[in-house]
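Trainee: Could we go through the labels used for this structure and the reasons behind them?
Mentor: Gladly, let's have a look together.

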Amino acid sequence: MKIGILGAGQLSRMLALSGIPMGLEFEFYSPETENCVSSLGKVTVGAYDDWAQLNAFASRCDVVTFENENIPFETLRDLDEKTVVYPKAKAIQQSQDRLVEKTLFKLLDIPTVPFRAIESRDDLMAFIEEVGYPLILKTRRNGYDGKGQYKIESINDIDNINIIGKTPLIVEKMINYNREISIIGVRSQSRDTAFYDICENQHVNGVLHKTLNKQRDPRMPLAKNYLTKLMNELNYFGVITLELFDTNDGLLANEIAPRVHNSGHWTIEGTVCSQFANHIRAIAGYQLGATDSHGTYEMINMLGKVADPLEVLSKPHQTFHDYQKTPKPGRKMGHIVTVLKI
Ligand code: ADP
Ligand code: MG
């Protein structure tokens, strides 16, 4: 069986690295000229509307998946007619727009932060009247790693933002939380589900810095309940992640990532079947593998440059992942996993 992946970054790399031992073959399609996967299968460089190239790619793949939810909906929908795309394009559509996503949380009775769509300065002033400062203004589409976000603490901040009315925006109340957590789950084509430990995440400047998995976290039952509702509503196949704020008033949903997630990288070392292996199993039509963790793991992202492997690997309980990217400030270059307890 050949699996096609849209995108050729580190998530595609780790998906392929987990599927190759199962005897699966991989092929990649990406608009970027640089990639982390050339040693793992054929790479086509092409735009997401280059149908000559996309059709040829689809004709060689039994099933297509993706590493990034910002791929145009139309591309996923039309590819699904040429071959099979999992997760389904409709599931992705819901998470491409922060307003649609937060409206879905409300529909499913999943508590979220106070929010409103912003088309004008008047919309923003009306929201401030209701909830006060501080706020966070976000582009509805195409944001990731804190990009396209503006913190608003006073009227002066509003005067400095020049995108209001020019692009679809959402504003949220900036809330106080005790922890940021994520739950990663997987749903198979036979509708079985499995979940990994709650991940406790620390962000620096909107980018994930560190993750710790928490065995038997008290928030697990509720987080699982919310993610199950989402998986069922979206009739989801594959791995999906829900990011949540843990507050004094309970859990608040922040966002969905309809894919494998940076906070789940520890599952490669920490479980029988990693998030990557389970995503592949789900989309290939296999049964799910066990998600129980062997212990407690810490994952640290290497941003901007990779550490010296000689030093990292001098500690026997550390593993080293180098995505083989060209260094750029703030770029996710690799990660280190440390076994804290087994
Ligand atoms: P991205 O798609 O960039 O991950 P997020 O909505 O997850 O976007 O925002 C990135 C980070 O910014 C979050 O992980 C959190 O640390 C902070 N953040 C986002 N929204 C809020 C909010 N409403 N209140 C408090 N912190 C927030
Ligand atoms: Mg996020």
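Trainee: Why is Met22 called partly exposed?
Mentor: Its relative accessible area is 32%. Buried means under 20%, exposed over 50%, and partly exposed in between, with a 1.4 Å probe and protein chains only, so Met22 counts as partly exposed. Met22 sits in the loop between helix H1 (10-19) and strand S2 (25-30); helices (H or I, at least four residues) and strands (E, at least two) are DSSP runs numbered from the N terminus. Do keep in mind that this is a predicted model, where local features need pLDDT of at least 70, side-chain atom pairs count only at pLDDT 80 or more, and totals for chains, interfaces and linings use all residues. Residues are numbered from 1 along each chain as its sequence is written, chains are lettered from A and ligands numbered from 1 in the order in which they are written, and side-chain values use heavy atoms, leaving out hydrogens and water.

Trainee: What makes Glu243 and Glu255 donors of the magnesium ion (ligand 2)?
Mentor: Donors are N, O and S atoms within 2.8 Å of the metal (3.2 Å for Na, K and Ca); water is not among the atoms, so sites may look incomplete. The OE donors of Glu243 and Glu255 lie 2.0 to 2.3 Å from the ion, so both qualify. Glu243 belongs to strand S14 (residues 238-247) and Glu255 to strand S15 (residues 250-257), 12 residues apart.

Trainee: Is Glu243 buried or exposed?
Mentor: Buried, because its relative accessibility is 13%. As for S15, 7 of its 8 residues are buried, so the strand is largely enclosed by the rest of the structure.

Trainee: How do you know that S14 and S15 pair?
Mentor: Two strands pair if DSSP finds at least two bridges between them. Here 7 bridges join S14 to S15, which run antiparallel, so the pair meets that rule. Thr241 stands opposite Ala257 in S15, and the two strands form a hairpin with 2 residues between them.

Trainee: Why is Cys199 not bonded to Cys273?
Mentor: A disulfide is a pair of cysteine sulfur atoms within 2.5 Å. The closest cysteine sulfur to that of Cys199 is in Cys273, 15 Å away, so it is too far for a bond. Cys199 is also buried, at 0% relative accessibility.

Trainee: How many disulfides does the whole structure hold?
Mentor: The search finds 0. Cys61 is in none, as its nearest cysteine sulfur, that of Cys36, is 19 Å away. With a relative accessible area of 6%, Cys61 is buried too.
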